[in-house]
Amino acid sequence: MDLTLKIWRQKDANAKGKLVDYKVTDISEHMSFLEMMDVLNEQLVNTGEEPVSFDHDCREGICGMCSMYINGEAHGPDKGNTTCQLHMRSFKDGDTIHIEPFRAAAFPVIRDLVVDRSAFDRIQQAGGYISVNTSGNTQDANSIPIGKAAADDAMDAATCIGCGACVATCKNSSAMLFVGAKVSQYALLPQGQVEAADRVMDMVAQMDAEGFGNCTNTGACEVECPKGISLENIARMNREYLKASSKG
Amino acid sequence: MSGILSSSIAKKVSMALSAFFLMFFLLQHFAINILSVFSGNLFNQVSHFMGTNPLIQYVLQPVLIFGVVFHFVMGFILEIKNRKAQGKKYAKNNGAANSTWMSRNMILSGIVILLFVLLHFIDFWFPEINTKFIQGDWSGMHDGEFRYFQELQHKFLSPLRVGVYCLAFVFLSLHLLHGFNSAFQSVGANNKYIKGLRSFGKLYSILIPAGFIFIAIFHHFNH
């Protein structure tokens with residue numbers, strides 16, 4: 001198929017940036033979206049132009065690196081997938097495809113389609129962990145009984161890959177689905193209880209400090225999340241926060 | 001404590017709590033107004049009670065005013081903060097693919113409701129406050145009769161006013177269709193009862209504004 005691409009080009013964080021039109025031809029419907037981008041970049045390199053910078057790593061929907069906003073949706077028009085899992089069969093011959101970086105004040109553009117998502121790292125560092133002494137006497141996690149429902153919910157929350165699609169798609173650029181998932185995965189398990197109050201207070205404080213917006217429950221994040229993280233995690237975070245606040 | 005109040009979740013929860021209060025107020029306002037369809041006399045008696053009871057006038061009415069002002073002011077604060085958090089806008093954004101129009105336009109429906117509240121205050125509340133608190137007339141009478149039902153009928157003579165009221169109630173319905181369930185989500189109520197609650201929320205959000213529209217149209221054609 002032949003396609004017209006409207007791609008956001010921005011030299012660096014301080015440059016203005018603009019959408020630039022490119023043509024790509026003979027694109028196979030079996031290609032992944034990133035392979036199509038590779039074809040474009042090869043074309044650009046061959047003609048002496050700067051290739052388009054974009055984040056990618058595992059290319060199998062696990063690492064959370066790819067981050068494009070394609071035709072007005074995070075990770076493109078298909079649901080439950082990352083950009084690397086999006087295939088060209090989701091488009092038609094002759095289509096014009098808009099490709100933009102994830103937009104949020106807390107995710108500044110570094111170059112072209114690459115954004116700085118280190119705000120998520122700092123939120124994780126604020127409390128998204130459990131403190132374990134790995135001296136060799138650590139208790140085997142399997143020896144702690146956990147109900148299946150709680151284990152399943154914790155596992156579902158833990159599947160968040162931190163790609164930032166929730167922020168990119170939210171009209172408020174809120175990070176509550178990400179933080180909700182990270183808070184939930186520990187709040188649901190006995191291992192996470194000891195630091196539960198500090199965790200939610202610290203992670204929410206860091207989220208606010210990073211400049212993410214306020215959630216207004218549109219639910220767009222849940223729909224666009226490649227891992228299907230549920231809004232229930234935001235509700236759980238709200239409960240955890242209120243519980244922690246009441247303890248002082 | 002100030003840290004708790006300034007957090008994003010505290011803002012969400014405070015919006016939700018003021019919304020719960022306003023939704024309860026809306027329900028009781030409707031319950032009283034619908035009486036006017038069945039009996040002008042009964043409507044007069046209940047209105048007089050509401051308008052002269054010291055607990056309602058000096059305790060609940062100020063709480064209501066605070067609730068209304070708080071909800072609007074916090075709504076605008078959140079909108080400004082959220083716009084700041086957005087950064088540059090997308091050249092192409094397909095919001096309809098993942099969220100409802102109502103959820104994305106709460107500020108728009110909220111502004112329409114705010115304008116309606118101002119009109120409603122000019123129509124009913126300011127004259128009431130003037131009569132009672134400035135002129136000192138707490139009798140509720142006009143020409144030897146209770147005035148409440150007469151005033152209601154008089155206001156709904158104008159087709160323009162009825163039209164504006166009906167339009168505002170449509171926006172109120174749109175606001176509630178997202179706001180009702182959003183408020184429960186904000187206080188963390190997302191559990192096995194959520195499906196039933198969502199259905200109830202939809203019913204509430206459609207039936208109450210539809211009821212207000214019915215009352216306005218009823219009095220326009222029956223006077």
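# A tour of the two-chain model

In chain A, residues 24 or more positions apart account for 70% of the contacts with a separation of 6 or more. Keep in mind throughout that this is a predicted model.

**Begin with the whole of chain A.** Select the chain and turn it slowly: its C-alpha atoms fill a box of roughly 60 × 35 × 35 Å along the principal axes, and its secondary structure comes to eight helices and seven strands. Of the 248 residues in chain A, 47% are buried.

**Next, colour chain A by domain.** The domain assignment gives domain 1, residues 3-111, and domain 2, residues 118-247, and the C-alpha centres of these two domains of chain A lie 29 Å apart. Where they meet, 19 residues of domain 1 of chain A are in contact with 17 residues of domain 2 of chain A. If you select the domain 1 side of that contact in chain A, you will find nine nonpolar, seven polar and three charged residues.

**Now select Pro226(A).** This proline lies in the loop between helix H7 (220-224) and helix H8 (232-247) of chain A. Is Pro226(A), in its loop, buried or exposed? Pro226(A) counts as buried, because it has 25 C-beta neighbours inside 10 Å, the cut-off for a buried residue being 20 or more. Leaving aside neighbours within four places in sequence, Pro226(A) is in contact with Gly61(A), His75(A), Gly80(A), Asn81(A), Thr82(A), Cys163(A) and Ala165(A). Add Gly64(A) to the selection as well, since a distance label is instructive here: Pro226(A) and Gly64(A) are 162 residues apart in sequence, while their C-alpha atoms are 9.2 Å apart in space.

**Move on to the nonpolar core.** The largest nonpolar core has 97 residues, and those with the most contacts inside it are Cys166(A), Val167(A), Leu177(A) and Val179(A). Its largest share, 11 residues, comes from helix H9 (residues 159-186) of chain B, and the core also draws at least three residues from each of domain 1 and domain 2 of chain A. To look at one of its members in detail, centre the view on Val179(A), which touches Ile123(A), Met203(A), Val204(A), Met207(A) and Met237(A), not counting residues up to four places away in sequence.

**Then show both chains together.** The contact takes 34 residues from chain B and 40 residues from chain A. On the side of chain B that touches chain A, the elements giving two or more residues are H2, helix H5 (54-86), helix H6 (101-104) and H9 of chain B. Which of these elements gives the most to that side? The answer is H5(B), with six residues. By class, this side of chain B has 11 nonpolar, 16 polar and seven charged residues.

**Finish at helix H4 of chain B.** Select residues 40-52 of chain B, a helix of 13 residues that reaches 18 Å from its first C-alpha to its last, close to the 18 Å expected at 1.5 Å a residue. The buried residues of H4(B) are Phe43(B), Asn44(B) and Ser47(B). Looking down the axis of H4(B), you will see that these buried residues fall within an arc of 100°, so they line one face of the helix. An α-helix has 3.6 residues a turn, so residues three or four places apart point the same way. Around the buried residues of H4(B), the cover includes helix H2 (8-33), helix H3 (35-38), strand S2 (145-146) and helix H8 (148-155) of chain B. Rotate to the face of H4(B) turned away from its buried side, and there you will find the exposed residues Asn41(B) and Phe49(B).

Conventions. Residues numbered from 1 in each chain as written. Chains lettered and ligands numbered in written order. Predicted model: local features only at pLDDT ≥ 70, side-chain atom pairs only at ≥ 80, totals over all residues. Helix = DSSP H or I, 4+ residues; strand = E, 2+ residues; numbered from the N terminus. Expected span 1.5 Å × (residues − 1). Buried ≥ 20, exposed ≤ 12 C-beta atoms within 10 Å, placed from the backbone. Arc of directions from axis to C-beta. Contact = placed C-beta atoms within 7 Å. Core = buried A, V, L, I, M, F, W, Y, C linked by C-beta atoms within 7 Å. Domains from an automatic or database assignment. Nonpolar A, V, L, I, M, F, W, Y, C, P; charged D, E, K, R; others polar.
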